[in-house]
Amino acid sequence: MVGLEYEIIRRIKKYAEDNNVPIMQDAGMDFLTTFLIKNKIRSVLEIGTAIGYSAIMMALTNPYIKITSVERDEKRYLEALRNIKELHLDDRITLIFKDALDLKLGEKFDLIFLDAAKAQNINFFHSFSRNLNSNGFIITDNLEFHGLVEKDEKEIKSRNVRALVRKIKEYIHFLEQNVEYETIFYKIGDGLSVSQLKK
């Protein structure tokens, strides 16, 4: 990463911290970018752009990679557009301003990255697995949800957070029981899973 790229990315991370925008933890991002390089990923569908941090980091792994990223929050979408343009990556990162569950795409991708509304992960999986190349991967972030998924629900005071944790547990169970996909779980960053169609 060259000096200017580094400075812009540092500013994006600072903006996320100051404005409570959830972005991938460093360990999770290292895992993701290494995974892309190792598996020669050339096309990614990302559900949940936020301010473009992960799309940018993925794009920087390879000059030939193409990323399509979907975001429903207008403020974050516009911020992502700015960040991507500043790094001159707008020829390789396509942003779509829409609720992902209202979106139908025709093309196929080597990797689908789920990093949006955690309660909708099962719906996202069902909706977009048809867009996956036969030897592709689905990666999901935030499966530990700041350590709350492993806690006893009685310890979580907020009813909304309890409901969200329950949804994440349902999604983990869905992945474990899915006979079509082989899923490996990683205790990296905020918890990740990698799912691939069984041969």
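The largest nonpolar core of this predicted model has 36 residues, and those with the most contacts inside it are I93 and L111. Such a core is a set of buried Ala, Val, Leu, Ile, Met, Phe, Trp, Tyr and Cys residues joined through side-chain atoms within 4.5 Å, where buried means under 20% relative accessible area with a 1.4 Å probe, protein chains only. At least two residues of this core are supplied by each of α1 (3–18), α2, α3, α4 (74–86), β3 (93–97), β4, β5 and β7, and the largest share, six residues, comes from α3. Another core, of 24 residues, lies apart from it and has I112, F125, F145 and F174 among its members. Helices (H or I, at least four residues) and strands (E, at least two) are DSSP runs, numbered from the N terminus.

Local features need pLDDT of at least 70 and side-chain atom pairs count only at pLDDT 80 or more, while totals for chains, interfaces and linings use all residues. Residues are numbered from 1 along each chain as its sequence is written, and side-chain values use heavy atoms, with hydrogens and water left out.

Helix α2 (residues 26–38) has 13 residues, and its end C-alpha atoms are 18 Å apart, which agrees with the 18 Å expected at 1.5 Å a residue, the expected span being 1.5 Å times one less than the number of residues. Its buried residues are G28, M29, F31, L32, T33, F35 and L36, and what covers them includes β1 (43–47), α3 (53–59), β4 (109–114), β5, β6 (181–186) and β7 (192–197). Just after α2, K40 takes a positive phi of about 50°.

I139, in strand β5 (residues 132–141), is buried with a relative accessible area of 0%. Contact meaning heavy atoms within 4.5 Å, and residues up to four places away in sequence not being counted, I139 touches L32 and F35, and also L111, I112, F113, L114, L192, S193 and V194. With the neighbours within four places likewise left aside, L111 is in contact with F35, L36, I41, S43, V44, L45, L132, F137 and I139.

D110 lies in strand β4 and is buried, yet has no salt bridge, that is, a side-chain nitrogen of Lys or Arg within 4 Å of a carboxyl oxygen of Asp or Glu. Three distances describe the surroundings of the D110 side chain.

| Partner of D110 | Distance |
|---|---|
| R42, nearest side chain of opposite charge | 6.7 Å |
| R42, backbone nitrogen to a polar atom of the D110 side chain | 2.9 Å |
| N133, side chain to side chain, polar contact (N or O atoms within 3.5 Å, one able to donate a hydrogen and the other to accept it) | 2.7 Å |

How values were computed:
Buried means under 20% relative accessible area, exposed over 50%, partly exposed in between (1.4 Å probe, protein chains only). Lys and Arg count as positive and Asp and Glu as negative; His and the chain ends are not counted.
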